[in-house]
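Visitor: I would like to learn how to read a model of this kind, one feature at a time. Please show it to me first.

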Amino acid sequence: MHEFSISSEIVQTVIDTAEKNRGKKVLSIYLEIGELTLLNLEQITFWIQELFKGSVAEGAKVKVKTIKARIHCESCGYKGGIS
């Protein structure tokens, strides 16, 4: 259910922004979601598309990019991904 609440907030932001800018149609949205959020990206996409129905964003393409986590160790100086 965490995905539903996150998706609802995203949808509300998109619709509010479209209305504020007098947008007539949202064609696509592009999301970058960090891998450490542990969100199911398929569920996020599904819920966004469902919640867009009946709005200016109905039918919009939802593109999601996963951002890989990067760390920095103060002790050894390592900078990079999580293994």
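Guide: The turns below go through strands, core, surface and backbone. Keep in mind that this is a predicted model.

Visitor: Let us begin with the strands. In which sense do E1 and strand E2 pair, and over how many bridges?

Guide: Strand E1 covers residues 28-34, and strand E2 covers residues 61-67. The two pair in the parallel sense, over seven bridges. To follow the register, take individual partners: Ser28 has Lys61 as its bridge partner in E2, and Gly34 stands opposite Ile67 in E2.

Visitor: How does the chain get from E1 to E2, and which hand does the crossover have?

Guide: After E1 the chain passes through helix H2, residues 41-52, and then enters E2. This is a β-α-β crossover, and it is right-handed.

Visitor: Which residues of E1 lie on its covered face, and which on its uncovered one?

Guide: Read the strand as alternating sides. Ile29, Leu31 and Ile33 make up the covered face. Ser28, Tyr30, Glu32 and Gly34 make up the uncovered one.

Visitor: What is the general idea behind a nonpolar core?

Guide: In soluble globular proteins, nonpolar side chains tend to be buried together. Here the largest nonpolar core has 16 residues. The members that touch the most others are Val14, Val26, Ile29, Leu31, Ile48 and Phe52. Two of these names, Ile29 and Leu31, also appear on the covered face of E1.

Visitor: Which elements give two or more residues to this core, and which gives the most?

Guide: Helix H1 (2-20), E1 and H2 each give two or more. H1 gives the most, with five residues.

Visitor: Now the surface. Which residues make the nonpolar surface patch?

Guide: Leu36, Ile71, Tyr78 and Ile82 make the patch, and its area is about 390 Å². Ile82 is in the segment after strand E4 (79-81). Ile82 counts as partly exposed because its relative accessibility is 49%, while exposed would need over 50%.

Visitor: How many salt bridges does a search of the whole structure find?

Guide: The search finds one. The test is a distance between side-chain nitrogen and carboxyl oxygen, with a cut-off of 4 Å. In this case the side chains are those of Glu50 and Lys53, at 3.0 Å, N to O. Glu50 has 33% relative accessibility, so it counts as partly exposed.

Visitor: Is Lys61 buried or exposed?

Guide: Lys61, in strand E2, counts as exposed because its relative accessibility is 56%. For a sense of distance, Lys61 and Ser5 are 56 residues apart in sequence and 20 Å apart in space, C-alpha to C-alpha.

Visitor: Last, the backbone angles. What is the phi of Arg22, and where is Arg22 found?

Guide: Phi of Arg22 is near 55°, a positive value in a residue other than glycine. Arg22 is in the loop between H1 and E1, and at 75% relative accessibility it counts as exposed.

Visitor: What about Leu38: what is its phi, and in which loop is it found?

Guide: Leu38 is not a glycine, yet its phi is positive, about 60°. Its place is the loop between E1 and H2. With a relative accessible area of 72%, Leu38 is exposed.

Methods:
Residues numbered from 1 in each chain as written. Predicted model: local features only at pLDDT ≥ 70, side-chain atom pairs only at ≥ 80, totals over all residues. Heavy atoms only, no water. Buried < 20%, exposed > 50% of the residue type's maximum accessible area, 1.4 Å probe, protein only. Patch = residues over 30% accessible without salt bridge, like charges linked within 9 Å, V, L, I, M, F, W, Y side chains within 5 Å. Areas by Shrake-Rupley, 256 points an atom, 1.4 Å probe, with all protein chains shown as cover. Helix = DSSP H or I, 4+ residues; strand = E, 2+ residues; numbered from the N terminus. Pairing = 2+ DSSP bridges. Right-handed = clockwise from strand over helix to strand, strands pointing away. Core = buried A, V, L, I, M, F, W, Y, C linked by side-chain atoms within 4.5 Å.
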